[in-house]
Amino acid sequence: MILITGATGFIGSHLVEKLLEGESRISCLVRKKNKLGFLKELPKQKFKKINIIYGDLLDKHSLEKALENITKVYHLAAISKPMNIPKHVYYDVNVKGTKNLLDACKNNKVKKMVLISSMSVFGFSRDGNPLNENSPQLPVSDYGKSKLLEEKLVLDFCKNNKIKLVVVRPPMVFGPRDLQFLKLFRLINTGCFPLLKKGRARFEFTYVKNLVNGILMADEKGKNLESYNINDGKTYTIKKVFDTIAELERKRLFPVSIPVWSVRLAGLFFEKSCALLGKKAIFSSGTALWMSRDNIMDISKAKEELGYKNEIPLKESIKETISWYKKEGLL
C-alpha cells in the first residue's frame with residue numbers, strides 16, 4: 001500500500017490522480033477533517049479509490065496509525081514555499097515533522113520513500129553554470145535551508161535503517177491548481193509587464209504533469225539513495241515564457257524595460273515596508289535577481305538514468321493552465 005503526504009496540495013493531488021491510473025487504492029494523509037483540498041477535484045470514480053487517513057507530521061501518534069500496512073511513502077507534505085511565517089515553522093514542519101514520519105516508517109517497516117525536495121537547496125548558481133546534483137548547496141532562504149536539512153536527515157536515516165530512498169528536486173512548478181503563478185498570469189493579462197535586461201535572462205520551471213512523470217520515473221528507475229533534478233526539459237528566456245502566456249491570453253504585451261538596480265531598490269523598500277506591517281512582500285529584491293540572472297539546471301542525470309523528457313510542451317502546458325484559471329473564475 002502507498003501513502004502520500006501532502007496529497008491535498010497542488011503537486012500532491014496531481015500525483016494521486018496519476019497513480020490512480022494504475023493503482024487500485026492509495027492512502028492519503030490529510031491534516032484536518034473535511035479539508036480535502038484539491039483532492040475534491042478528482043473524478044468521483046478515482047476519489048472512491050482513496051483511503052483518507054487523518055494525521056499530522058507534528059503528531060507522532062497519528063503517523064504511527066497512518067503508516068500501518070504501508071510499504072512506500074511519497075513525501076510531499078511541507079511548508080512548500082517562502083511564506084510570511086516565523087522562521088522556526090519551516091524547521092518544525094520540514095525537519096522535525098519529517099523526522100516524526102521517518103520514525104513511523106521505521107516502526108512500521110516501510111520499505112521505500114520518495115522525497116520531493118526543491119532546487120532551493122542550491123540557492124542560485126554562483127558561477128553562472130547550470131546547477132546539477134553535485135553543485136554547491138548554498139540556500140539563501142529559510143525555506144531552502146529547511147529543505148536542505150530535511151534532505152540530509154532523510155538520507156542519513158534511510159541509509160542507516162535500510163529504507164530505500166529517491167530524492168526529486170524540481171524548480172518552480174506551475175499548472176492547474178497552482179495559485180502562485182496565477183499572479184504572473186494576471187499581471188501579463190493587463191498587457192503591461194516590467195522586463196529586466198530585455199527579458200533575456202534564462203530560468204527554469206516545470207509543468208506539474210511533467211514533474212509527476214519525472215517523480216514516477218525516479219521511483220521506478222532511480223538508483224537507491226540518489227537525487228534527481230527534474231525540470232521542463234528545456235531552458236526558456238523570461239521573454240519567451242511571457243510572450244507565450246500573452247499570446248494564449250490573447251493579449252498584446254507591452255514590456256517596459258527597467259534598470260535592475262531600480263527594481264532591486266524597489267524590492268527592498270517593499271520588503272521593509274511589509275515587514276513593519278507583519279506581511280509578506282508581493283515583490284522583493286529576490287524577484288529582481290530572478291528576472292535578471294541566468295539560473296538554469298542540468299538534468300542530464302535524469303535523462304540518462306531515468307530516460308526522462310518532458311511529455312507536454314510549453315505552449316500546451318500554459319494553455320491548460322489558463323483554461324483551469326478561467327474555469328475557476330480566477331482569470
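## Accessibility and the predicted model

Buried denotes a relative accessible area under 20%, exposed denotes over 50%, and partly exposed covers the range in between. By this division E41, at 30% relative accessibility, is partly exposed. The structure under discussion is a predicted model, and the classes above are applied to its residues in the sections that follow.

## Salt bridges between distant segments

The count of salt bridges in the model comes to 17. One of them joins the side chains of E41 and R177, with an N to O distance of 3.4 Å. E41 belongs to the loop between β2 (26-30) and α2 (44-47), and R177 to the loop between β7 (172-174) and α6 (182-189), so this pair ties together parts of the chain that are 136 residues apart in sequence.

The two partners fall into separate accessibility classes: E41 is partly exposed at 30%, whereas R177 is buried because its relative accessibility is 7%.

## Salt bridges between sequence neighbours

Within helix α8, K239 forms a salt bridge with D243, and the closest N and O atoms of this pair are 2.7 Å apart. The residues are 4 positions apart in the helix, so about one helical turn separates them. K239 has a relative accessible area of 34% and is therefore partly exposed; D243, at 33%, is likewise partly exposed.

A further salt bridge links the side chains of E328 and K327, at 2.9 Å from N to O. Here E328 is partly exposed, with a relative accessible area of 36%, while K327 is exposed at 59%. Elsewhere, salt bridges with shared partners join E17, E41 and R177 into one network.

## A positive surface patch

R250, K251, K319 and K326 form a positive patch on the surface. Membership of such a patch requires over 30% relative accessible area and no salt bridge. R250 has a relative accessibility of 78% and therefore counts as exposed. This arginine is located in the loop between α8 (238-248) and β13 (254-257).

## Positive phi angles outside glycine

What is the phi angle of R250? The value is near 60 degrees, which is positive although the residue is not glycine. R250 thus carries two of the features described here: the positive phi angle and a place in the positive patch.

K162 is also a residue other than glycine with a positive phi, in this case of about 55 degrees. Its position is in the loop between α5 (142-160) and β6 (164-169). With a relative accessible area of 78%, K162 is exposed.

## A buried asparagine in helix α4

Is N94 buried or exposed? N94 counts as buried because its relative accessibility is 0%. The residue is part of helix α4, which spans residues 87-107.

Which residues does N94 touch, when those up to four places away in sequence are not counted? The contacts are with A78, I79, Y143, S146, K147 and E150. The cut-off for such a contact is heavy atoms within 4.5 Å.

Definitions and conventions
Residues are numbered from 1 along each chain as its sequence is written. This is a predicted model: local features need pLDDT of at least 70, side-chain atom pairs count only at pLDDT 80 or more; totals for chains, interfaces and linings use all residues. Side-chain values use heavy atoms; hydrogens and water are left out. Patches are made of residues with over 30% relative accessible area and no salt bridge: like charges are joined within 9 Å, nonpolar side chains (Val, Leu, Ile, Met, Phe, Trp, Tyr) within 5 Å. Accessible areas come from the Shrake-Rupley method with a 1.4 Å probe; for residues, only the protein chains shown count as cover. A salt bridge is a side-chain nitrogen of Lys or Arg within 4 Å of a carboxyl oxygen of Asp or Glu. Lys and Arg count as positive and Asp and Glu as negative; His and the chain ends are not counted. The place of a charge is taken as NZ of Lys, CZ of Arg, CG of Asp or CD of Glu. Helices (H or I, at least four residues) and strands (E, at least two) are DSSP runs, numbered from the N terminus. Buried means under 20% relative accessible area, exposed over 50%, partly exposed in between (1.4 Å probe, protein chains only).
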